[in-house]
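Work through the following exercises with the sequence and the model at hand. Each task is followed by a stepwise solution.

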Amino acid sequence: MAFPTPSLQQTPRDKLLATLAAMKNERASWDAHYAELSRNILPRSSRFTVSDRNKGDRRHNNIYDNTATRSLRILGAGLMGGASSPARPWFRLTTPDDRLMKYAPVKIWLNEVTRIMLGVFQRSNTYRALHGMYEELACFATGCSVLTDSYDKVIHHNLLTVGEYALAADHENHINALAREFEMTVAQIVARFNYENCSQAVRNLYDRGDLQAWVPVVHIIEPRTNRNPQKPDAQNMPWASTYFEPGAPRGGDRDFLRVSGFRQFRVLAPRWAVTSNDIYGSTCPGMEALGDTKSLQHENVRKAEGIDYQTRPPLQVPTSLRGRALDRLPGGITYYDPTAPQGGVRSMFDVNLRLDHLLEDIRDVRERIRAAFFTDLFMAISQHDGKMTATEVAAINQEQLLQLGPILERLHDELLNPLIEITFARILEAKGPDGESMLPPPPDELDGVELKVEFVSMLAQAQRAINTNAIDRFTFSLGNLALIKPGVIDKLDEDKWADIYADSLGIDPELIVPDRKVALVREERAKQQQAAMQSQLMNQGADTAAKLANTDTGRKSALTDMTAGMR
């Protein structure tokens with residue numbers, strides 16, 4: 001997106017306000033669509049005004065059938081359990097060099113660091129934030145969370161909902177800026193930014209004890225273009241983080257509540273799918289199912305109306321009964337003169353609604369909605385009480401797993417990988433209660449080596465397990481052919497087969513014996529086999545000699561002829 005060119009008279013805060021306006025204007029075309037999605041699927045999500053908070057008004061009035069909302073919940077829970085489950089490891093740290101991964105101290109250190117990071121995620125609000133982002137992502141195609149430092153929990157997520165933030169992207173379409181306009185109470189502002197950094201208006205409210213008054217605040221995170229890389233302070237870090245009160249007087253000594261920075265971009269903003277160089281996600285299950293969702297609400301309204309027409313139809317009443325009460329309850333009696341020309345009480349018109357046809361169409365729409373949210377896949381996994389292997393998951397629904405492949409890759413790239421990198425950097429900076437580092441000292445072999453993240457979640461393993469189907473077919477066919485042509489089995493490299501199959505299933509590398517150890521085991525086995533063969537030959541020679549020694553040479557035989565010839 002293009003940022004406005006600032007004039008020479010603009011103050012730094014004016015420039016930030018212009019940036020905020022430009023980013024909100026870029027998002028504006030999506031706001032109506034987001035609002036429609038919120039009304040029909042997630043009524044309690046979305047914030048489109050600064051004061052849109054703590055509202056207890058009824059927002060579920062547009063939802064007469066909650067199939068879409070329930071399907072979204074299942075998808076959110078499925079992504080949570082399948083991609084980043086709190087109950088099991090879902091990633092591990094490795095190195096690009098496979099030889100290093102065969103070195104015991106390296107594997108032990110990487111496993112310990114992975115364990116520490118998983119512990120940080122458990123103590124913080126990471127998993128609650130991830131679940132919220134999965135639901136926002138599936139409904140609005142974009143999710144967002146801002147990571148901040150936490151003294152006791154290392155990291156803390158500030159989960160944002162659609163409409164309260166605006167994003168910008170770099171030339172490679174990576175999200176690299178966020179602007180947010182929201183409100184904080186006076187007590188919250190003073191506690192977070194300190195009394196002396198607040199505007200005079202906020203300090204006056206604080207002094208009067210009006211601590212619950214709401215004050216608008218703007219937070220912008222963007223690349224810092226003017227910095228000195230040689231200085232390690234917050235004002236010279238690659239990303240600037242600025243808080244300020246937009247209503248405070250210009251040019252004062254308190255233009256900003258806080259000006260700091262980050263070494264890494266602290267915003268997690270995954271997108272379900274992106275068209276070209278769009279900043280925001282362009283499609284997702286919620287968007288694809290919106291038409292069916294609205295149709296489902298409409299059909300349920302018409303079904304209720306049809307039932308009402310059949311059970312409580314409009315009536316034609318004789319004029320002679322004007323002003324008299326009609327008892328319309330079951331068993332009720334209403335008296336009238338049957339000789340009256342107007343006739344008796346009867347329905348104004350007959351409604352012959354075929355509810356079976358309508359219900360069949362409703363079921364069809366519900367199935368389309370569930371399919372859009374991958375409900376069948378995640379329900380199939382949950383119905384097996386977590387006892388399903390990744391191969392069994394892949395076998396249940398390969399087609400849906402393949403459809404989830406692109407979003408899973410985007411989740412890894414735009415959400416989980418940045419989360420792991422930011423957390424690792426924070427753990428390096430953080431200190432324990434005794435002032436020591438949270439990480440054990442790394443082995444010398446890792447000096448200067450870049451670490452790599454490998455995802456081992458249920459969905460990641462299921463994606464890789466699809467590759468094992470071809471391996472299984474090849475191995476099965478090769479085994480059958482070997483019954484006829486045994487030599488064909490020589491085409492199979494059993495060591496490579498074991499390595500590739502284990503990697504496809506996400507098997508822990510510690511369960512795979514290193515090649516060097518395998519070679520030693522095979523060498524020892526060959527020696528044992530050779531010794532056994534030599535022992536067997538010696539036993540056979542001794543047995544032959546014993547038999548010859550016990551042979552009767554007094555009788556004429558081939559043996560006596562041979563021994564006679566040797567004399």
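**Exercise 1.** Which residue in β3 does Leu147 stand opposite?

*Solution.* The model is predicted, with local features needing pLDDT of at least 70 and side-chain atom pairs counting only at pLDDT 80 or more, while totals for chains, interfaces and linings use all residues. Residues are numbered from 1 along each chain as its sequence is written, and side-chain values use heavy atoms, without hydrogens and water.

Step 1. Locate the strands, which are DSSP runs of E of at least two residues, numbered from the N terminus: β2 covers residues 144–150 and β3 covers residues 154–160.

Step 2. Establish the pairing, for which DSSP must find at least two bridges between two strands. β2 and β3 are antiparallel over 7 bridges and form a hairpin with 3 residues between them.

Step 3. Read off the partner: Leu147 faces His157.

**Exercise 2.** Describe the pairing of β2 with β9.

*Solution.* Strand β9 (residues 267–268) pairs with β2 in the antiparallel sense over 2 bridges. Here Val146 stands opposite Val267.

**Exercise 3.** Is His219 buried or exposed, and which side chains make polar contacts with the side chain of His219?

*Solution.* Step 1. His219 lies in strand β6 (residues 214–223).

Step 2. Its relative accessibility is 4%, so His219 is buried (buried: under 20% relative accessible area; exposed: over 50%; partly exposed in between; 1.4 Å probe, protein chains only).

Step 3. A polar contact is a pair of N or O atoms within 3.5 Å; within protein, one must be able to donate a hydrogen and the other to accept it, and residues adjacent in sequence count only if both atoms are side-chain atoms. The His219 side chain has such a contact with the side chain of Ser241 at 2.9 Å and with that of Tyr243 at 3.3 Å.

Definitions and conventions: Helices (H or I, at least four residues) and strands (E, at least two) are DSSP runs, numbered from the N terminus.
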